[in-house]
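Reader: Could you walk me through how a protein holds a small molecule? I would love to take it step by step.

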Amino acid sequence: MAIEFTKYHGLGNDFILIDNRSSSRPQVTPEQAIEMCDRHFGIGADGVIFVLPGKNDTDYTMRIFNSDGSEPEMCGNGIRCFAGFVADLEGVSRTQDKYRIHTLAGVITTQLMADGQVKVDMGEPKLLASEIPTTLCPDDQKVVEQPLEVAGKTWDVTCVSTGNPHCITFVEDVAAISLETIGPQFEHHPAFPQRINTEFIQVVRPDYVKMRVWERGAGITLACGTGACASLVAGVLTGKCDRIATVELPGGPLQIEWSISNQRMYMTGPAERVFTGKF
Ligand code: ZDP
């Protein structure tokens, strides 16, 4: 049976969106998701996202499969695309509509802005080693600038969970990092039992940083919303960043805030529809 889909991207982090509102079971298996995401033999995407009926008093449920078929808890760029897709499905204009979305990382709220951007309340970051999870520090401690041996080098890493796990390293020049060689070694390092998303950050100014990412289950991507939030939190924890900053990704900029009043993270960025089709 043909599967109808719509292709979206958030700063080049691209997703296949599926209207799954009539059932709580995704209509695509992880194996099919791998085929659909293939850039040569399939549609091509970093992941497949399902719009499912809401749970526990939320409007909708989001689930996502990475391009390797694994299922992450959350997806920042993906949830902006999710909100844009829902607005299209509901036929509402993209202004001021708010959705409460159930995810494996808790309830996330999205707001459609008048200029077409989507603002997301990403909730509070989790910082304890047991919450990442990582064995780099004792369970009840934060992991801030801890040495980690990868590819014959010692990196100072800071770990943050935004629902999904992130490991952040500050470097002089993000362009000089050979992501495709060291990315997989971070991802599969024994210190990270759930594997890890890895961000390299170059602080240009406290309110402007450049980021490159190796994503768990997806490899090099042009942008990562949860990673941008995690990186700003790491920048604040290490005294390198302001609470509000622009994170420049290969696919473009995201505006990130880690609120001092309620400790929640807010992300604002685009979500673009590209095409629809049947698989
Ligand atoms: O945690 C993971 O396994 C990630 N690959 C999930 C996807 C994160 C994403 N790039 C984002 O924007 O947060 C979609």
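**Around the ligand**

Author: Let's begin with one contact: a polar side-chain atom of Asn197 is 2.8 Å from an oxygen atom of the ligand. A polar contact here is a pair of N or O atoms within 3.5 Å; within protein, one must be able to donate a hydrogen and the other to accept it, and residues adjacent in sequence count only if both atoms are side-chain atoms. This is a predicted model, where local features need pLDDT of at least 70, side-chain atom pairs count only at pLDDT 80 or more, and totals for chains, interfaces and linings use all residues. Residues are numbered from 1 along each chain as its sequence is written, and side-chain values use heavy atoms, leaving out hydrogens and water.

Reader: Which residue has a polar backbone atom 2.6 Å from an oxygen atom of the ligand?

Author: Asn13 offers a polar side-chain atom, 3.0 Å from a nitrogen atom of the ligand. The oxygen atom you ask about has its backbone partner at 2.6 Å in Gly76.

Reader: Why does the ligand lie between domain 1 and domain 2?

Author: Domain bounds come from an automatic or database domain assignment. Domain 1 covers 4-122 + 270-278, and domain 2 covers 129-263. The ligand lies between them because the shell around it takes residues from both domain 1 and domain 2.

**Two backbone details**

Reader: Is the peptide bond from Ile132 to Pro133 cis or trans?

Author: Most peptide bonds are trans. From Ile132 to Pro133, though, omega is near -5°, and the bond is cis.

Reader: What is the phi of Asn56?

Author: Most residues other than glycine have a negative phi. Asn56 is not a glycine, yet its phi is positive, at about 45°.
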